[in-house]
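Got the viewer open? Let's walk through the two ligand sites and then check on the cysteines, one selection at a time.

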Amino acid sequence: MASYDLVVIGTGPGGYVCAVRAAQLGMKVAVVEKNATLGGTCLNVGCMPSKALLHASEMFEEAAHSFAKMGVSVAAPKLDLPSMMNFKQQGIDGNVRGVDFLMKKNKIDVLKGSGKILGAGKVEVSADGKAQTVETKNIVIATGSDIARLKGIEIDEKRIVSSTGALSLEKVPERLLIIGAGVIGLELGSVWKRLGAEVMVVEFLDRILPGMDGEIAKQFQRILEKQGFAFKLGTKVTAVDTSGKTLLAKVEPAAGGPSETIEADVVLVSIGRVPYTEGLGLKEAGVALDNRGRVQIDPHFATTVKGIYAIGDVVAGPMLAHKAEDEGVAVAEIIAGQAGHVNYDVIPAVVYTTPEVSSVGKAEEELKQAGIAYTVGKFPFTANGRSKVNQTTEGFVKILADAKTDRVLGVHIIGREAGEMIHEAAVLMEFGGSAEDLARTCHAHPTRSEAIKEAALAVGKRAIHM
Ligand code: FAD
Ligand code: NAI
């Protein structure tokens, strides 16, 4: 029987990164993966394919609407959807091959098949009706998450799709109805809107992007509406009639009331994701779940069974690839006897639309609720030189700092490249820095990042360009 120091179940960003770090620390490591390719949700049907389509569709949109005003005259762009899907697939393949390479480079065994925990120290791997058991000192569960479903609305991945189907539609739907105004709905809605679909988003709550700073979400909604998105907030879809040529969605107020019917060609169900623990044998092994079906862990990623740990989407916390990766590194270090740690107060979040939305730290509503006195500094991209010359002035930077100590507690950006810009705020916050620190840091000119410096100056009411 093969024997390891560590067996990681699942090779998403949590699992494969954990395996690499453990191998770096001298452990003999194997990963178990039931999917045909490594890389998990993120590389195969998540972050990577969605970003490829967001990029390609943005270029399509720019060629149609932005080139002419810069004096670049091209014929009206034509959509070749199969080629765009091919571009997406090349991106996926390249990244998946990258993970294969990392496994080889770090001498990590890849065990293809479904992993089941037979108890502390034993994992069964089955594929094609055959099973093998491996012995291991430690197990990390990194099995990720799955689509959340709506009762009575069956996903066929053709007309009623999850994010997976929405990444591979064979033609642009005339009318796309999206259930859920979260990250997936707004990103994939943007893709198909740019490619020509009419997009309507039905959201249960009275706002989009729950969890994000409210002021940012409000402005973002306005921008998306200007782009042609239609929103029905405080509303739920109760049924979808699939019997006819077009889909008929029954929609009613979230609190109940008279219903109406919305016609659509494709319905995207994007109401969140749920932890994935199917077939892992957790109950029999004694690994406890929390009240939301996530693997229960202590602050050191240890489950209720000694030697079994869990990370990523399958445990509590934001369902983000970089959070899973950082937990992967931390748990490998803890198993090796080091002090692995993740700072959950500084995990950036990005919505990769145009403009992008990014944030790190607390939203204004969270500070209010916690009774923390804060000051706000804001700076609009309309007053930022680089944004002006590029004529991409939508959005603003908002910095929330502790009223007494000036320590930065949250940074929120809506604007082009906001996803790249957020990291200077993350580094500052990791070091416990103040708005004054940020304001006194020289920023290259002309850059969009100068808007961050100006927002930091605005915390002390001394922005220069406003
Ligand atoms: P996963 O990536 O889900 O990987 C789990 C792996 O475990 C899978 O490969 C699965 O096959 C395998 N597995 C499960 N059970 C078993 C078993 N019993 N035996 C063997 N293998 C098993 N996050 C971001 O940070 N940025 C983004 O831009 C972003 N975009 C997204 C877009 C979409 C459309 C979706 C759906 C998600 C997106 N996410 C994004 C979220 C991100 O994909 C997840 O947070 C991340 O993949 C979680 O990583 P993980 O390692 O925990 O699990
Ligand atoms: P989400 O949690 O972001 O949004 C789901 C939305 O659906 C919420 O606004 C919720 O109020 C709404 N909703 C729930 N039930 C509903 C109902 N019955 N009717 C109408 N609306 C309803 O989930 P989403 O967008 O599915 O994404 C799943 C996860 O994937 C997220 O947790 C996110 O972290 C991750 N992700 C991250 C991305 C990124 O970092 N850029 C991109 C895509 C996904």
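Start by selecting helix 6, residues 183-194: this helix gives the largest share of the shell around ligand 2, three residues. Keep in mind as you click around that the model is predicted.

Now show everything around ligand 2. You should get 22 residues, with I184, E187, E203, G272 and V350 coming nearest. Colour them by class and you'll see 14 nonpolar, four polar and four charged residues. Colour by domain instead, and the shell turns out to draw at least three residues from domain 1 (3-146 + 274-335) and at least three from domain 2 (160-271).

Next, put some distances on screen. Which backbone atoms sit by the oxygen and nitrogen atoms of ligand 2? Try these:

- V183: a polar backbone atom is 3.2 Å from an oxygen atom of ligand 2.
- F204: here a backbone N or O atom lies 3.2 Å from a nitrogen atom of the ligand.
- M319: a polar backbone atom is 3.0 Å from an oxygen atom of ligand 2.

Switch on a surface for this site: of the 830 Å² of accessible area that ligand 2 has on its own, the protein covers 78%.

Hang on to M319 and move over to ligand 1. A polar backbone atom of M319 is also 3.2 Å from an oxygen atom of ligand 1. Two further stops here are D313, with a polar side-chain atom 2.9 Å from a ligand 1 oxygen, and C42, where a polar backbone atom is 3.4 Å from an oxygen of the ligand. With the surface on, the protein covers 93% of the 1000 Å² of accessible area that ligand 1 has on its own.

Expand the selection to the whole shell of ligand 1: 39 residues, the closest being E33, T41, K51, G115 and A321. By class they split into 15 nonpolar, 19 polar and five charged. Which helix gives the most? Pick helix 2, which supplies four residues. Other elements that each bring at least two include helix 1 (13-24), strand 2 (29-33), helix 3 (47-65), strand 4 (114-119) and helix 9 (321-335).

Last stop: the cysteines. How many disulfides are there? The count comes to zero. Select C18 and C42 to see one case: the C18 sulfur has its closest cysteine sulfur in C42, but at 16 Å that is too far for a bond. C18 counts as buried, because its relative accessibility is 0%. Finish on C442, which counts as exposed because its relative accessibility is 73%.

Conventions: Residues numbered from 1 in each chain as written. Chains lettered and ligands numbered in written order. Predicted model: local features only at pLDDT ≥ 70, side-chain atom pairs only at ≥ 80, totals over all residues. Heavy atoms only, no water. Near = heavy atom within 4 Å. Polar contact = N/O pair within 3.5 Å; in protein donor to acceptor, adjacent residues only side chain to side chain. Areas by Shrake-Rupley, 256 points an atom, 1.4 Å probe, with all protein chains shown as cover. Nonpolar A, V, L, I, M, F, W, Y, C, P; charged D, E, K, R; others polar. Domains from an automatic or database assignment. Disulfide = S-S within 2.5 Å. Buried < 20%, exposed > 50% of the residue type's maximum accessible area, 1.4 Å probe, protein only.
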